[in-house]
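Work through the exercises below with the sequence and the 3D view open. Try each task before reading its solution.

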Amino acid sequence: MNISLREKRYASEDEVPVRCGHLWICDGASATIDPRPAIRPHVTETATAMLATAPPEQVRALLEPLGTGAFVIGVAPDGRLGFVALNRRHGALTGVAPGAAAGSSVADALPPDPAARLEEACRRCVAARAPVEYEERADTPDGPRWWHTTLEPLEGPDGRIARILGTAIDRTRQRQVEQHLDVLLRHAPSAIAYIDGRPEPVPPPEAGAPAAEPRAEPPAEPRPAADPTGAALGEALAGRQASSEAEVEQGPAGRRRVHSTFIPDRSGEGERVRGVYVVSTDVTDQRRAESALLDTEAKLSAVFDAADNPIVLLDADGTVVAANSATGRRYGMAPAELVGKAVWDLAAPEEREQIAAALRDAVTVGSQVRYETRTGDRYYEEVGSPVFAGHRTVVRLAGYALDVTERKQAELTLQRRDSILEAVALVASRFLTSPSWRPHADEVLERLGRAAEADRAYIFENARDPDGALIMSQIHGWAAPGTAPLIGNPMLQRLPYGAAGLGRWQTRLAAGEAVLDTLEWLPRDESGHLFPAGVVPAGVRSLAVMPLFAGGDWWGFIGFEDVNADRRWHKTEMDALRAAADTLGAAIQRERIDAALRRSEARYKLAVTAGPVSIFDRDLATGAMFLSPQFKEKLGYRDDEIGDGVEDWERLIHPDDVAAARATVAACADGGVPQCEVELRYRHRSGEVRWFVLRAAAVAHDAEGRPCLLAGTQTEVTERIRAQRALHRRSEALALANDELKSFAYIVSHDLRAPLITIEGFVGELRTAFGEMTAALDPENPAAPGGDAGRVAAVRAVLDGSVGKAMGYIEKAAETMSRQLSTILRLSRLGYRDLRPETIDTGALAGRIVHRFAYQIQQRRATVTVAGLPPVCADPEALELVLGNLLSNAVKYLDPDRPGRIDVWAEPGDGDMTVIRVRDNGRGIAEKDRAKVFEIFRRVGRSGEAGEGVGLTFARAAARRWGGDLWLESEPGRGSTFSFTVPPAPEAEAGAEPDPGASCATDASG
């Protein structure tokens, strides 16, 4: 088969690199294969004549032995085409069953498209009376298939084309090869050319033209080369493969360096060189990289020797080929002295086998290896990397060492820390499962000592001697095998810190700081007392001492010693040891607390049972609530009478305080405040109000950190609240009394002065009158009337005139003053008279007072309504005074122009007081006069009504005596409402019948 390649065309003849013979360049060219199949393979002339006339069975017998697919088509005179016979090879190739197709028309035996193509080719064959070729393609489950079909006309006896012989050759494999070759040529990284051996270039074959047969020519003689490329070509033409490298101008790309390989073609007869294959590769970048590599190698060589880390180059058997200065310093030798030595001979004896095995793995497996070694007191991480030559052939090993001493020491420290923490976990488990830590102390010290890689561990407890000085005593100890123990040494019992020269220890440990020292760092006074001859064996090199705190008190210390090395205790180790010390301190404190709890349990139980404090808890998720039996008992209930739900609790709360209780619980439940507190009023079974202080806090949280359980106490403060309120009322009353006293003093001084002024004025009148009478009776007074009768008449005129008048005014003023003084005396008596509070049926009392004023009420055409007055706790005389004055004034000051109406009723007041109101539709009181109505001797509005102006003063004073108050609300022309507060009777809230006359004295009524 022939291969046709697309010609590489150049802009000019100068661009052709080699001007010798034929040149075809393969740079992504397409390739096609021309098989040129025979038209009638293995068919003789006789067989051909038989095929034109033989019956179908015989035709099929002739076709079957053929090595290719074959078929015969009959051509009817009218041009119809039908299959005469097909062999099995054709059926296997095209998928047409021979038995089914024989005798069928082409259109019936084949699918439409293949049938149309075959019919068209047959008509051309008949028309041209010449062979016709075409190619067919079909998709099969195994992929596409191609076959080449050739049609040859067969003449019948009459010279007409009676039949057509068809052959089909499978070209699927050839097509696949063409596709693969096309892909290969398109992606070739190099330029490929072929130069034939003729001296002059000839044009390449035209597209579609059959390749010309090569001409037999004598072998070409090699020409002298003027350059490396020409010389290499000459070598190839002489039958020897050669290569060359030269710089070529590449237009915009500039000069590029091209490496060419010339391969002789000996495919001709006699093994002569027919031509030369040329494979050219642009090596410009490669050569630049090689140059850079040489430069880099020089720099790396300098870096290699200046590197801080040891670096060596070994051959495959582990012999040192090169070493840098750091490697020499590591082993104490010059780098040149190391060359030629086996690397494992430089290591410690116990590490040689490890190093040899690692290097064998690197050479055998061809992978990097890592291992650790130790040189003196330094740790190194060795890394060996194979150096390859050829295909995975290890010829060298490049190794470098990293100084990992600090990391190794940190790892060892972390290992000790982890061991200590494991021991701490044991400490915690032992202490948590035992009521006392002391039975496990020796086991704990051993585990901690081994984990810390210490030689001794001990616990010292602090105490005070009789003089109050701080002393220490060893109570537990452990020593590693081969180390002398210290436990039981009497010199380490009751050892004073100060006398032992350990004041520095005392200061640091008491402040919560550790003591970390090596023996060489310890002050001489401390080391002399800590390690005196006979007390502590020689050889202690370092120690670490951690304070033990129990509940904030410095209890003692735990210590660890190393007798072999000047150990530097790392912070990580100390953190773990501090955790152990804290755990031990917590266990000591727990033992203390357990003892204290056992002592306080009885006290607590007694306090909760008999005291004012009751406990409770509430599950926020379920709403379940525990109320202690003591709390229920305080409210008059048995434990089984009150449920454990939130609703049961809220039913006990005063209705006005339920919202505050819910808000308090919600604040705790939201987690916004650490502790909640609120004062709540509860209703006793009897109806009495009891005060409690509720304190609550979240004591448990769910997985998301939200409070899920509240717990707290409820402390009864009823007596305290009552006392506070009584004190508050008394304070307010005292303040008001003080203010009123000032006003009273002013008013009294003013009102008492008026009659005194009258008396004083008329005393002057009397003095004048006496003067006149004296003058009339004076015998020596020339102006005096003559005779006794005249003098008597003059005196009588004075006595009957100004003296009588003056005496009348003086008597009236004295009477007024006497009345005012009596009123003041009565008011003062009201202030210091002992009140005797008792339960009073207020409705009955109001009824009696209304009956007393029945005539006045009738005269004013008024209606009085008394409704809903509950029993109260007050002094009967004082309450009657207050209510009588209010009803008297209400009747007295009704508006005569309209029917009067007076309403008396009661309603709950603030705290535990009852408010009684008396409302009328009378004349009302102007705002400027409202404060004056309670002043003594003051009357407002029209003064036609009888009275002294002291009724409301007495009423307010009486109300304030029992802890209440009296005030008014008024609107001129519409009426006034007077209100006063009074303590309710204890039975009032329970709904029981009042017991008039029963004592109900409280602190609030004093």
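**Exercise 1.** Which residues in helix 26 are buried?

*Solution.* Start with the ground rules. This is a predicted model, where local features need pLDDT of at least 70, side-chain atom pairs count only at pLDDT 80 or more, and totals for chains, interfaces and linings use all residues. Residues are numbered from 1 along each chain as its sequence is written, and side-chain values use heavy atoms, with hydrogens and water left out.

Next, fix the terms. Buried means under 20% relative accessible area, exposed over 50%, and partly exposed in between (1.4 Å probe, protein chains only). Helices (H or I, at least four residues) and strands (E, at least two) are DSSP runs, numbered from the N terminus.

Now read off the list. The buried residues of helix 26 are L952, T953, F954, A955, R956, A958, A959, R960 and R961. Helix 26 spans residues 951-961, and nine of its 11 residues are buried, so the rest of the structure largely encloses it. Then step past the helix end. Just after helix 26, G963 has a positive phi of about 95°.

**Exercise 2.** Find which cysteines form a disulfide, and check the burial of each partner.

*Solution.* Apply the cut-off: a disulfide is a pair of cysteine sulfur atoms within 2.5 Å. The rule gives one disulfide. It joins C668 and C676, with sulfur atoms 2.0 Å apart. C668 is buried, at 1% relative accessibility. C676 is buried too, with a relative accessible area of 4%.

**Exercise 3.** Why is C125 not bonded to C122?

*Solution.* Take the distance. The closest cysteine sulfur to that of C125 belongs to C122 and lies 6.9 Å away, which is too far for a bond. C122 is in no disulfide. Then check accessibility. C122 is buried, at 0% relative accessible area. C125 is buried, also at 0%.

**Exercise 4.** Trace the open sheet that contains strand 30, from edge to edge.

*Solution.* Set the pairing rule: two strands pair if DSSP finds at least two bridges between them. Five strands make up this open sheet, in the order 30-32-33-35-34, with mixed pairing. Strand 30 (862-866) and strand 34 (966-971) are the edges, each pairing on one side only. From one strand to the next, the twist averages 15°. Axes are lines fitted to C-alpha atoms, for helices over the stretch in contact, and angles run from 0 to 180 degrees between N-to-C directions.

Zoom in on one pair. Strand 32 (residues 900-908) runs antiparallel to strand 33 (residues 914-920), over seven bridges. Within strand 33, R917 stands opposite W905.
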